[in-house]
Amino acid sequence: MANNPFAEFSLERAIALRWTLRDIQAGRLKLSPVSDEDLRALTELGLVELYDGAPELTEAGVAVLND
């Protein structure tokens with residue numbers, strides 16, 4: 001992965017953020033709610049946007065999961 005958006009985070013934090021992306025993509029937010037801190041980090045990275053208060057992956061977010 002040439003351009004890793006999680007490079008600034010520890011390995012554990014990067015794994016947790018990747019799982020959060022998967023939870024958002026799969027619609028598992030009732031079972032695994034997204035923390036405010038994770039949502040803020042993913043939004044700042046441009047991987048998630050809020051639509052009507054619900055997080056959705058951006059094209060960049062989908063691309064990260066497809067890598």
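Axes, as used here for packed helices, are lines fitted to C-alpha atoms over the stretch in contact, and angles between them run from 0 to 180 degrees between N-to-C directions. With that in hand, the predicted model can be described, starting with the pairing of H1 and H3. These two helices pack at an angle of about 115 degrees, and their axes lie 10 Å apart. Angles from 65 to 115 degrees count as roughly perpendicular, and H1 and H3 are therefore roughly perpendicular to each other. Their crossing is left-handed. On the H1 side, the residues that meet H3 are Arg-18, Leu-21, Arg-22 and Gln-25, and their partners in H3 are Gly-61, Val-64 and Leu-65. Sorted by class, this contact comprises 3 nonpolar, 2 polar and 2 charged residues.

H1 also packs against H2, here at an angle of about 90 degrees with the axes 11 Å apart. This makes H1 roughly perpendicular to H2. Arg-13, Leu-17, Thr-20, Leu-21 and Ile-24 come from H1, and they meet Glu-37, Asp-38, Ala-41 and Leu-42 of H2. The residues of this contact divide into 5 nonpolar, 1 polar and 3 charged. Leu-21 is thus among the H1 residues that meet H2, and it is also among those that meet H3.

The helix contacts lead naturally to the interior. In soluble globular proteins, nonpolar side chains tend to be buried together. In this model, the largest nonpolar core has 13 residues, and those with the most contacts inside it are Phe-6, Leu-21, Leu-42, Leu-47, Val-48 and Leu-57. Helices H1 (11-26), H2 (36-44) and H3 (59-66) each supply at least two residues of this core. The most comes from H1, which gives 4 residues.

Leu-42 offers a good view of these surroundings. Apart from its neighbours within four places in sequence, Leu-42 is in contact with Phe-6, Leu-17, Thr-20, Leu-21, Ile-24, Leu-47 and Val-48. Of these partners, Leu-17, Thr-20, Leu-21 and Ile-24 are in H1, while Phe-6, Leu-47 and Val-48 are listed with Leu-42 itself among the core residues that have the most contacts.

The connection from H1 to H2 deserves a look as well. Val-34 lies in the loop between these two helices. With neighbours within four places in sequence left aside, the contacts of Val-34 are Thr-20, Ile-24, Leu-29 and Leu-39. Two of these partners, Thr-20 and Ile-24, are H1 residues that meet H2. Val-34 and Leu-57 are 23 residues apart in sequence, and their C-alpha atoms are 13 Å apart in space.

Key:
Residues numbered from 1 in each chain as written. Predicted model: local features only at pLDDT ≥ 70, side-chain atom pairs only at ≥ 80, totals over all residues. Heavy atoms only, no water. Core = buried A, V, L, I, M, F, W, Y, C linked by side-chain atoms within 4.5 Å. Buried < 20%, exposed > 50% of the residue type's maximum accessible area, 1.4 Å probe, protein only. Contact = heavy atoms within 4.5 Å. Parallel < 35°, antiparallel > 145°, perpendicular 65-115°, else oblique. Nonpolar A, V, L, I, M, F, W, Y, C, P; charged D, E, K, R; others polar. Left-handed = near helix turned anticlockwise from the far one by under 90°.
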